[in-house]
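Colleague: I would like to go through some of the descriptive terms used for this model. Please give the reasoning behind each.

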Protein chains: 2
Amino acid sequence: MTTIRSAEIIAVGSELLTPTRLDTNSLVLTNQLNALGIDVRLKTIVGDSRDDLRGVLSQAVTRSDLVVLSGGLGPTDDDVTRDVVAELLSRPLAEDGELVARLQTRFAKRGLDMPAINRRQAMVPAGAEVLPNPNGTAPGLWLEHKGCVIVLLPGPPRELTPMFEAVSRERLAARAEGVPLLRGIVRVAGQTESHAEQRAKPFYERWRERGVPIDATTLAAPASIDFHLTVRSPDREAGRRVLDEAVGELAAAFGTDAYATEDRGMEYVVGQALRTSGLTVAVAESCTGGLLGSRLTDVPGSSAYFLYGIVAYSNQAKQDLLGVDAALIEAHGAVSEPVALAMAGGVRRRAATSIGIGVTGIAGPDGGTADKPVGTVAIAVEGPWGAAVRTRTFPGGREQVKFFATQAAMDDLRRALLQRRGQ
Amino acid sequence: MTTIRSAEIIAVGSELLTPTRLDTNSLVLTNQLNALGIDVRLKTIVGDSRDDLRGVLSQAVTRSDLVVLSGGLGPTDDDVTRDVVAELLSRPLAEDGELVARLQTRFAKRGLDMPAINRRQAMVPAGAEVLPNPNGTAPGLWLEHKGCVIVLLPGPPRELTPMFEAVSRERLAARAEGVPLLRGIVRVAGQTESHAEQRAKPFYERWRERGVPIDATTLAAPASIDFHLTVRSPDREAGRRVLDEAVGELAAAFGTDAYATEDRGMEYVVGQALRTSGLTVAVAESCTGGLLGSRLTDVPGSSAYFLYGIVAYSNQAKQDLLGVDAALIEAHGAVSEPVALAMAGGVRRRAATSIGIGVTGIAGPDGGTADKPVGTVAIAVEGPWGAAVRTRTFPGGREQVKFFATQAAMDDLRRALLQRRGQ
């Protein structure tokens with residue numbers, strides 16, 4: 001029996017090729033496979049076309065140790081998976097008497113006669129084993145062909161998921177080499193992708209030379225550069241040690257730019273720092289319109305440190321609610337460092353919190369000038385340690401500028417808290 | 001020049017093969033392609049593996065008229081798309097001087113030196129045309145090979161989307177001769193999916209009998225039930241007429257529950273209504289933490305009607321900032337209809353706006369009681385016409401409860417504005 005190291009997933013169904021649908025089954029399958037130490041190297045979504053499925057499948061069975069197909073097992077002519085697999089592997093289809101009986105019972109239980117077309121679902125390719133489906137009419141199938149395992153699963157998630165869990169437990173676990181894939185992450189703020197990548201590169205090279213190879217991928221997430229590290233090790237503990245060490249090394253290389261070594265957002269990192277320090281925060285937002293408060297309060301239990309937010313969209317609101325001097329706005333403009341500082345100080349005094357944050361900027365698409373183009377945002381943080389302000393220019397459309405600005409504001413707060421702790 | 005009838009999409013990137021990521025770019029691409037009458041027959045997601053990409057691409061270029069690749073155009077060794085395409089089609093890579101200069105300018109604008117590795121992004125396969133990327137460093141590429149058009153796009157959505165829109169408009173539109181697929185949408189609020197589906201069903205049947213068949217799909221979007229209608233007609237005008245009529249019929253059947261017949265969110269619908277009526281709004285939020293203000297201000301030009309927001313997370317803040325009576329909170333609890341009304345009235349008076357909205361609830365995961373479980377949210381709207389309040393219980397986790405609450409608050413405002421106009 002072949003050991004299964006790599007897999008690919010083929011989703012069958014024309015509805016998955018429309019502009020509003022994605023194949024989410026593959027996430028469930030990937031999760032199960034990775035847990036067994038099986039890599040997913042390819043995913044394909046193909047319509048209800050015999051030719052296209054044949055083309056994809058013929059490559060897949062020679063390329064991967066395991067091919068998991070989902071969908072196309074229904075009773076209608078559109079359901080082509082069973083036929084194509086049987087034909088490609090030269091396994092004639094024959095009706096399985098037991099399956100017919102099982103299907104009839106299923107319909108009878110609901111007081112229905114089995115429609116004639118459902119007999120198609122009892123057709124089984126020679127040499128295939130039937131995977132029972134307690135949640136629907138389409139049985140799954142398990143075949144082996146020239147060192148490749150082929151699994152056919154029904155498309156509906158509530159049928160596919162339990163069936164694949166059973167397949168993983170009862171059949172795949174014994175066939176997988178059992179070298180689990182361990183994942184680690186380093187999230188970096190305040191750097192461009194290329195600069196972060198350049199700093200990480202020497203580590204990649206060093207790791208490559210080691211006994212246990214570490215695989216690293218860089219991903220530019222919204223307002224964050226993420227390094228995903230994976231280690232495959234038969235000894236889970238040893239693998240974890242190697243991975244933790246690598247994560248530590250990389251994080252250390254980025255210093256305070258590395259804001260997280262787990263898959264959580266900046267709002268969680270900042271929340272944890274506030275909670276630990278016993279400090280409270282209030283925010284004064286203009287261009288972000290409330291998004292900073294919303295992100296800070298996405299964290300369960302954030303009421304322990306988030307007291308309130310003021311969205312002062314108009315100049316009048318900045319004066320009335322935050323006590324920003326009209327003359328200051330007049331002199332520097334609403335989007336300026338002095339106004340950001342006045343907003344941070346104003347909200348901090350009003351809320352009587354340890355920290356105040358002020359954000360003012362131009363989210364666009366209108367309102368930009370040569371001096372202050374769209375994307376210009378001034379962010380101020382005031383705490384018991386004093387106040388600091390910084391102006392940045394963010395790229396992209398309105399929603400992206402808003403998101404980047406909230407990320408930067410939380411990052412500024414995070415760095416201020418780190419510095420204070422270091423003192 | 002070949003006419004383009006069918007396309008396939010290849011997304012490149014190992015991160016898209018992990019259990020938490022999906023290739024959402026393909027939805028944007030499919031939408032554009034379908035609008036030109038080009039069918040998407042296959043989608044593939046492949047890791048950063050030269051061999052796997054080569055295998056997939058070699059089939060694709062012989063199978064489809066158009067192959068769109070996304071991702072893998074970055075500056076690092078992981079970015080294999082450019083190399084594999086050049087190698088497979090035997091098109092040697094050469095550095096494009098103009099591109100190098102453009103990249104250097106891009107970095108210089110941000111006060112940075114261009115890292116050496118970014119030079120890779122200026123390598124262009126022989127015979128390829130460069131697609132400019134105003135939003136990032138990776139240029140796109142357009143190639144033709146034995147009757148197949150190959151388009152390489154950068155992976156980040158904010159770079160890919162505008163680039164492909166330009167490609168569709170400037171290059172593909174002239175090459176596609178398919179029967180255009182026309183799309184319509186009806187968005188419905190305040191109904192469950194099954195109820196909405198049941199009400200829509202008779203229409204589906206009626207449409208099926210008509211000359212031009214209308215295809216309808218129901219999609220449960222976040223806090224919205226969307227009916228997507230499509231018509232494929234060689235006569236664009238006739239098709240559009242049939243589609244518009246169907247959209248009108250379905251929207252009429254849902255009455256005021258149908259909030260949009262275009263693909264825009266509730267914040268745009270409400271924004272339009274506020275702008276037309278010349279009314280202004282201020283919001284007082286508790287459990288939504290600023291998300292209501294943020295969504296309202298996602299709309300460009302919202303400063304015309306959105307004056308300010310107060311995120312009163314603590315009880316003290318509700319009293320200090322909104323003038324909510326402590327006795328009222330004591331008597332009914334912070335999450336109650338009287339408090340929501342007091343918040344709406346309080347923020348309306350303070351901001352001197354036409355309308356005030358108050359939202360108070362329990363986003364979870366903690367804080368629920370038998371009486372008021374997690375997901376309980378009271379929403380009040382006060383305007384010149386008076387005040388109304390309603391309590392709902394939303395399903396899901398913290399972020400979902402927050403989103404549903406903001407959607408309901410805007411929907412309540414929308415209905416109040418409709419009623420006022422009807423008077």
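Colleague: Why are α2(A) and α3(A) called oblique to each other?

Modeller: This is a predicted model. The axes of α2 (residues 50-63) and α3 (residues 81-88), both of chain A, cross at roughly 50°. Angles under 35 degrees count as roughly parallel and 65 to 115 as roughly perpendicular, and roughly 50° fits neither range; α2(A) and α3(A) are therefore oblique. The crossing is right-handed, and the axes come within 10 Å.

Colleague: Which residues make the contact of α2(A) with α3(A)?

Modeller: From α2(A) come A:R50, A:L53, A:R54, A:L57 and A:S58; α3(A) supplies A:T81, A:V84, A:V85 and A:L88. Sorted by class, five residues of this contact are nonpolar, two are polar and two are charged.

Colleague: What makes β6 of chain A and β6 of chain B the edge strands?

Modeller: Each pairs on one side only. They end an open sheet of twelve strands with mixed pairing, whose order is β6(A)-β7(A)-β8(A)-β3(A)-β1(A)-β2(A)-β2(B)-β1(B)-β3(B)-β8(B)-β7(B)-β6(B). Neighbouring strands are turned by 20° against each other on average, direction ignored.

Colleague: How do you know that β7 and β8 of chain A count as paired?

Modeller: Pairing takes at least two bridges. Five bridges join β7 (residues 140-145) to β8 (residues 148-153) in chain A, and the two strands run antiparallel. A:L141 stands opposite A:L152 in β8(A).

Colleague: Which strands does helix α5 of chain A touch?

Modeller: Helix α5 (residues 157-175) packs on the sheet and touches β3, β6, β7 and β8 of chain A. Its direction makes about 155° with that of β8(A).

Technical notes: Residues numbered from 1 in each chain as written. Chains lettered and ligands numbered in written order. Predicted model: local features only at pLDDT ≥ 70, side-chain atom pairs only at ≥ 80, totals over all residues. Helix = DSSP H or I, 4+ residues; strand = E, 2+ residues; numbered from the N terminus. Axes fitted to C-alpha atoms, helices over the stretch in contact; angles between N-to-C directions. Contact = placed C-beta atoms within 7 Å. Parallel < 35°, antiparallel > 145°, perpendicular 65-115°, else oblique. Left-handed = near helix turned anticlockwise from the far one by under 90°. Nonpolar A, V, L, I, M, F, W, Y, C, P; charged D, E, K, R; others polar.
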